[in-house]
Amino acid sequence: MVYVLLGTGFEEIEAVAPVNLMRRAEIDVRFVGIDGDLIAGRSGIGVRADVRIEEIRLDELEMIVLPGGGGVDSIGASAPAVTAIKYAYEHQKYIAAICAAPTLLGKLELLNGVTAVCYPGMEGGMTGARWAGNVKTVQDGRFIFGQAPGAAIDFGLKLVEVLKGKAAAKKVSDAICH
């Protein structure tokens with residue numbers, strides 16, 4: 001199961017585009033509400049959560065995805081969300097973060113020696129990470145990172161590739177004329 005955490009102010013394209021692409025690849029993915037059932041993104045677009053953070057099943061977690069934007073603060077302030085992130089880390093599950101979200105992983109001290117990318121200018125918040133440079137996505141082991149909203153499609157396709165293979169990612173990419 002893939003869980004995409006949504007906190008108030010999340011960057012909509014960084015959440016919706018990857019979920020759309022994963023669902024096209026028939027990956028079981030759920031939007032997780034940190035602040036209720038209907039979460040408002042940074043542009044005021046509401047996304048209805050499939051489950052609340054208290055309802056996720058850690059024993060089913062395969063990947064946790066952290067969109068950027070203001071929702072990063074909500075995620076970091078949520079004890080169940082932090083527990084889920086740490087569970088993923090400790091149990092060798094995939095952790096994917098885009099834009100500002102990698103800085104939360106830095107605060108949690110999970111990036112020591114990991115090659116990563118984040119929104120330009122926020123590199124100082126990625127404590128312990130090695131900077132990958134000006135690239136849209138990067139994978140280092142079980143970590144997958146996206147740079148910014150403009151990388152949402154590439155980030156989502158990378159998540160499909162990691163979970164279902166290159167052929168599945170190419171099929172989805174071709175279907176959206178990417």
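**Exercise 1. A charge and a ring**

Over the ring of which residue does the charged end of arginine 142 sit?

*Solution.* Start with the rule: a charge sits over a ring if NZ of Lys or CZ of Arg is within 6 Å of the ring centre and within 35 degrees of the ring normal. Now look at arginine 142: its charged end sits over the ring of tyrosine 94, 4.3 Å from the centre of that ring.

Before you go on, a word on the model. It is predicted, so local features need pLDDT of at least 70 and side-chain atom pairs count only at pLDDT 80 or more, while totals for chains, interfaces and linings use all residues. Residues are numbered from 1 along each chain as its sequence is written, and side-chain values use heavy atoms, with hydrogens and water left out.

**Exercise 2. Walking across the sheet**

Work out the order of the strands in the open sheet of seven strands, and find which strands stand at the edges.

*Solution.* Step one is the vocabulary. Helices (H or I, at least four residues) and strands (E, at least two) are DSSP runs, numbered from the N terminus. Two strands pair if DSSP finds at least two bridges between them. Strands of a sheet pair through backbone hydrogen bonds, either parallel or antiparallel.

Step two is the order: β5-β2-β1-β6-β7-β11-β10, with mixed pairing. Step three is the edges: β5 (51–52) and β10 (137–140) each have a single partner strand, so one side of each is left without a neighbour in the sheet.

**Exercise 3. One hairpin and one parallel pair**

Describe how β10 pairs with β11, then how β1 pairs with β2.

*Solution.* Begin with β10 and β11 (residues 143–146), which pair in the antiparallel sense over four bridges. Threonine 137 stands opposite glycine 146, and aspartate 140 stands opposite phenylalanine 143. The two strands form a hairpin with two residues between them, and glycine 141 in the turn has a positive phi of about 60°.

Next, β1 and β2 run parallel and are joined by five bridges. Valine 4 has phenylalanine 31 in β2 as its bridge partner. Strand β2 (residues 29–33) is mostly covered, with four of its five residues buried. Here buried means under 20% relative accessible area, exposed over 50%, and partly exposed in between (1.4 Å probe, protein chains only).

**Exercise 4. Inside the largest core**

How many residues are in the largest nonpolar core, and which have the most contacts inside it?

*Solution.* A nonpolar core is a set of buried Ala, Val, Leu, Ile, Met, Phe, Trp, Tyr and Cys residues joined through side-chain atoms within 4.5 Å. The largest one has 35 residues, and those with the most contacts inside it are Leu5, Ile64, Leu66, Ile85, Leu105 and Phe145. Several elements, including β1, β6 and α3 (79–90), each supply at least two residues of this core. Helix α3 gives the most, with five residues.

Now zoom in on isoleucine 85. Contact means heavy atoms within 4.5 Å. Leaving aside neighbours within four places in sequence, isoleucine 85 is in contact with Ile64, Leu66, Ile75, Ile95, Leu104, Leu105, Leu108 and Leu110. Apart from this core lies another, of 30 residues, among them Ala25, Tyr94, Ala168 and Ala169.

**Exercise 5. Aromatic pairs**

How many aromatic pairs does a search of the whole structure find?

*Solution.* First, the rule: rings of Phe, Tyr and Trp (its six-membered ring) pair if their centres lie within 6.5 Å; planes under 30 degrees apart count as stacked, over 60 as edge-to-face and the rest as tilted. The search finds two pairs.

Tyrosine 89 and phenylalanine 143 form a tilted pair, 6.3 Å centre to centre with 50° between the planes. This pair links helix α3 to strand β11, its residues lying 54 apart in the chain. Phenylalanine 143 and phenylalanine 145 have ring centres 5.8 Å apart and planes at 5°, so they are stacked. Together, Tyr89, Phe143 and Phe145 form one aromatic cluster.

How covered are they? Tyrosine 89 is partly exposed at 37% relative accessibility, whereas phenylalanine 143 and phenylalanine 145 are both buried.

**Exercise 6. Unusual backbone angles**

Is glutamate 109 buried or exposed, and what is its phi?

*Solution.* Most residues other than glycine have a negative phi. Glutamate 109 is not a glycine, yet has a positive phi of about 60°. Its place is in the loop between α4 and β8 (115–116), and at 59% relative accessibility it counts as exposed.

Try cysteine 177 in the same way. This residue has a positive phi of about 55°, lies in the segment after α6 (166–175) and counts as exposed at 71% relative accessibility.
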